[in-house]
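Work through the exercises below with the sequence and the 3D structure in view. Each task is followed by a solution in steps.

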Amino acid sequence: MISIQGKGVSNGVAMGPLYFYQRAKSTIRRYQVEDVNAEWERFKAAQAKAIEQLGELAQKAEAEAGAEAAFLFETHQMMAEDDDYVEAIEGLIKEEKLNAEAAVTDTAAQFADMFAQMDDTYMQARAADVKDVSGRIVGILTGVVQGGIDSDVPVVLAADDLAPSETVQLDKSKILGFITEGGSGSSHTAILARTMGIPAIIGVGNQLKAEFEGREVIVDGGTGSIVVDADEATRAVMMAKREEQLKRQKLLEQLKGEENITKDGHKIKVFCNIGNPEDVAMVLANDGGGVGLFRSEFLYLNCDDYPTEEYQFEAYKQVLSDMGDKEVVIRTLDIGADKQIDYFQMPKEENPALGNRALRICLNRPEIFKTQLRALYRASAYGHLGIMFPMVTSVWEVKEARKMCEVVKKELDAEGKPYADDVEIGIMIETPAAAVMSDRLAKLVDFFSCGTNDLTQYTLACDRQNNDLGRFFNPHHPAVLRLLKMVCDNAHKNGVWVGICGELGADLELTETFLSIGIDELSVSPRSVLPLRQKIREVTLSDVKEKVLADLLGDENTI
Ligand code: PEP
Ligand code: MG
């Protein structure tokens, strides 16, 4: 039996075979072949397999998001069979005796260049398609697994680290738990694991050895402990813990349908954070009161090219209709920093967390922003929508973003396309600048939602991705909590509601603090709704408020 200690970032105990994530290699081998006919056949087999995979993806996309979503994969299928493309590859294999991987890669580069130089923007965008299709064929030729997992049974997935773009493409039904060498508890991969309710452990360094692959592991995402080949006694203890958690979950189920109300009658909203339309099932199953944060960028991360207005409209409409009359706050695109997307072709930055991200990209590239806002407003006709802008630092940014909303509404009016007239507009308070300016910003919006992951990072000058910063990254720091209080006060003075959608919202040690400073809404991962409700129902606010506020503002609190 081998014991390994990491840092638990998503609760739960899971047991299953260990599997190492298979990542596509960035460099491919290039060599001369002897038997060109055999190499040609090897290419043809990979091409046929790629076409089959794309057909399956098209069917899945059509079922989940409609015909428009399927169209992308159908275009890729056509590209894989295109006569000019295939002839170019054939020439390189049969005449130049080049191996198939290199022939496909060279042809992709040549075609992508050709598309990129065309005047027509539609044709320019095909450059990304040809690269994508070719990457799939090369992946098949080199034995790389699409989606990172090739296993018939669910596994505990291990990786050095996982980028958000990799995490969103994983087949969730195959994953019992996550283990990563690096990572941090506030990273988006950890956040996704919590949203999916999958136990996760990060920061195990080099303790996981290749020879453990396929062996049984038990992970405890609460304590961060991992056991490979557990002995009978350890296994019994871990499984008992698992049973205990399931029992506790059952008990919490009794709170479904109950209010989020303190013993002395103070109510607070408990909403959920989601990353894609399928997560709504978890929101409803856990009795979330609404969606307080839909991280819309995950739609973009899931695509190989800019998602069209129609594709986004279908996704937002689905979330809004599935949530019925409950409020759904959709955050506009928040890419940049750790969420990088190839097709955005963003220049490399020295400090991406301080760089061109989120609303900054939207304001600099209005065509992308407008497409998303059009999809959002059109979807607003199907439910109760709030639109929220991320990474705000200045008043002018909000004014400019709001102006774009007006442009979009005018366009939709002219086209006779319906939209709701009660769409709420809000901003994330996740920079110290926004918190300090919240008195002014409150005059421009209907609500604030505090992004404590970034607010902690920027207030304490501590990278949220860096697990080594340990105790320096402290979201309980009075500087963060005092900013939250200031934001609440400024919001309420201006009749604006205020929520928390960062991970801190689910931190039960701070529930009394949030109630005391007057937070109106907490948006948490679906699994955190019922434990939070239980905690709220245990509090007598009038008993704790004075002391909490004195502690927060008093001299003692000077860490
Ligand atoms: C936050 O910063 O707290 C937040 C909710 O946004 P994200 O974690 O996606 O940056
Ligand atoms: Mg953020």
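**Exercise 1: The surroundings of ligand 1**

Task: Find which of the 16 residues around ligand 1 come nearest.

Solution. His-188, Arg-295, Arg-331, Asn-453 and Arg-464 come nearest among the 16 residues around ligand 1, where a residue is near a molecule if one of its heavy atoms lies within 4 Å of it. The model is predicted: local features need pLDDT of at least 70 and side-chain atom pairs count only at pLDDT 80 or more, while totals for chains, interfaces and linings use all residues. Residues are numbered from 1 along each chain as its sequence is written, chains are lettered from A and ligands numbered from 1 in the order in which they are written, and side-chain values use heavy atoms, with hydrogens and water left out.

**Exercise 2: Contacts and cover**

Task: State how far an oxygen atom of ligand 1 is from a polar backbone atom of Asn-453, then describe how the protein covers the ligand.

Solution.
1. The distance for Asn-453 is 2.8 Å, which fits a polar contact (a pair of N or O atoms within 3.5 Å).
2. A backbone N or O atom of Gly-451 lies 3.3 Å from an oxygen atom of ligand 1.
3. For Lys-339, a polar side-chain atom is 3.5 Å from an oxygen atom of this ligand.
4. Ligand 1 exposes 280 Å² when taken alone, and the protein buries 100% of that (Shrake-Rupley method, 1.4 Å probe).

**Exercise 3: Elements of the shell**

Task: Name the elements that give two or more residues to the shell around ligand 1.

Solution.
1. These elements are helix H7 (188-196), strand S10 (291-295) and H17; helices (H or I, at least four residues) and strands (E, at least two) are DSSP runs, numbered from the N terminus.
2. With three residues, H17 gives the most to this shell.

**Exercise 4: The magnesium ion**

Task: Which residues coordinate the magnesium ion (ligand 2), and are they buried or exposed?

Solution.
1. Glu-430 (OE) and Asp-454 (OD) coordinate the ion at 2.1 Å; donors are N, O and S atoms within 2.8 Å of the metal (3.2 Å for Na, K and Ca), and water is not among the atoms, so sites may look incomplete.
2. Glu-430 lies in the loop between strand S13 (424-429) and helix H15 (432-436), and Asp-454 in helix H17 (residues 452-459), so the pair ties together parts 24 residues apart in sequence.
3. Glu-430 and Asp-454 are both buried (under 20% relative accessible area; exposed is over 50%, partly exposed in between; 1.4 Å probe, protein chains only).

Key. A polar contact is a pair of N or O atoms within 3.5 Å; within protein, one must be able to donate a hydrogen and the other to accept it, and residues adjacent in sequence count only if both atoms are side-chain atoms.
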